[in-house]
Amino acid sequence: MRPLFHPRLINGPFDDPGLYIAFQFTSRAILFDLGDLTSLPARDILKVSHVFVTHTHMDHFVGFDRLLRLHLGRSRALHLYGPPGFCDNVAGKLAGYTWNLVDNYTQPLTLEVSEVGPLGILTRSFRCQRQFRSDPGGHRRPFSGCLLEEPGFSVNAALLDHGVPCLAFALKERFHINIIKNKLDTLGLTTGPWLNEFKRALYSGVDKRSEFSVPAAAAGRASRFAIGKLADQIALLTPGQKIGYITDVADTPANRSGILALAADCDRLFIEAAFLDSDLDLARLKHHLTARQAGELAALAGAKQFTVFHFSPRYSEDSSRLYTEADIAFEAGQEPDRPA
């Protein structure tokens with residue numbers, strides 16, 4: 001079965017962090033972090049609808065300019081999320097440019113910018129045709145862990161500590177819908193855009209007795225089915241995919257608690273391993289994880305797979321030690337008789 005989400009790190013482990021997640025069967029993607037985006041083709045960046053930034057240290061935010069430049073002149077809303085102060089960070093970026101010619105754009109771009117804090121989420125709109133001046137005040141909503149919820153998936157966050165507030169993220173598919181091709185053939189149906197409508201209807205939780213119309217282009221003539229019965233015949237529903245992203249966090253009890261709650265049972269966990277455990281004092285000073293801590297956390301979270309990244313350049317001559325240390329800790333953490 002093809003997964004819905006296809007994650008890939010934007011850069012190598014010693015370069016700027018960032019995770020690009022493409023969606024199967026649709027021209028859409030999301031980004032975790034905004035480091036250097038040079039390696040991403042423009043066509044991929046233009047698929048991005050939502051960006052989730054852990055914090056605004058330069059190596060996590062320098063890609064904002066390329067993102068904005070490629071989306072200028074297009075009629076869409078681009079949604080960005082970040083930690084406390086993020087709206088001011090984005091406003092500062094936008095204030096660095098002169099916008100006197102944006103009235104010439106006929107396609108209005110809007111940046112919907114949300115900053116996530118312990119008291120809630122503040123969202124402000126920055127509209128291209130207002131020279132990216134923020135709407136006054138913005139609007140607030142409570143924060144209970146969820147940043148984005150759509151019928152098929154959600155993005156959750158945990159507010160952690162990196163010496164400054166820092167976010168970690170988890171993308172979770174509600175459940176996975178696999179269309180069984182030979183079952184379509186049996187019913188005389190062909191694939192097409194109607195299947196996306198069918199999946200959206202299933203994700204929305206409609207009454208199984210509700211009628212669903214299959215267009216004539218897919219069935220020879222327009223046909224109507226009870227959606228529950230059609231699902232039983234052509235679809236296999238399985239648990240949804242979950243992807244976690246954690247970087248630039250200190251190993252503290254509060255952070256561990258937040259990480260383990262957010263990343264529990266990830267299919268794929270991307271987690272920083274900035275230092276070797278022999279450099280633990282330096283990791284503590286810089287509020288980063290060691291490779292051993294990354295492997296431990298991945299095991300404790302019950303991750304099926306994990307990928308370490310965001311290595312300190314001090315190990316550029318031999319990165320294998322970081323991978324090995326993380327793997328050993330992960331394997332040890334999976335032992336059934338490990339101490340609680």
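Strand E16 (residues 242-246) runs parallel to E17, and four bridges join the two in this predicted model. To find your place along this pairing, look for isoleucine 243, which stands opposite arginine 268 in E17. Now bring in helix H9: E16, H9 and E17 together make a right-handed β-α-β unit.

E17 also pairs with E18, again in the parallel sense, over five bridges. Here phenylalanine 270 has threonine 307 in E18 as its bridge partner. E17 is mostly covered, with four of its five residues buried.

From here we can step into the largest nonpolar core, which has 32 residues; Ile246, Leu269, Ile271, Phe306 and Val308 touch the most other members. At least two residues of this core come from each of strands E10 (153-161), E11 (165-173), E17 (268-272) and E18 (305-309), and from each of helices H9 (253-263), H11 (291-300) and H12 (320-333). H11 gives the largest share, five residues. In soluble globular proteins, nonpolar side chains tend to be buried together. For a close look at one member, take valine 308: not counting residues up to four places away in sequence, it touches Ile271, Ala273, Ala294, Tyr323 and Ala326. Another core lies apart from this one, with 30 residues that include Tyr20, Phe64, Leu72 and Leu80.

Let us finish at strand E11, where glutamate 173 lies. Which side chain of opposite charge is nearest to this buried glutamate? It is lysine 172, 7.0 Å away, and glutamate 173 has no salt bridge. Leaving aside neighbours within four places in sequence, glutamate 173 is in contact with Leu4, Phe5, Gly152, Phe153, Tyr203, Gly240 and Gln241.

Terms used:
Residues are numbered from 1 along each chain as its sequence is written. This is a predicted model: local features need pLDDT of at least 70, side-chain atom pairs count only at pLDDT 80 or more; totals for chains, interfaces and linings use all residues. Side-chain values use heavy atoms; hydrogens and water are left out. A nonpolar core is a set of buried Ala, Val, Leu, Ile, Met, Phe, Trp, Tyr and Cys residues joined through side-chain atoms within 4.5 Å. Buried means under 20% relative accessible area, exposed over 50%, partly exposed in between (1.4 Å probe, protein chains only). Contact means heavy atoms within 4.5 Å. Lys and Arg count as positive and Asp and Glu as negative; His and the chain ends are not counted. A salt bridge is a side-chain nitrogen of Lys or Arg within 4 Å of a carboxyl oxygen of Asp or Glu. Two strands pair if DSSP finds at least two bridges between them. A crossover is right-handed if, with the strands pointing away from the viewer, the path from the first strand over the helix to the second runs clockwise.
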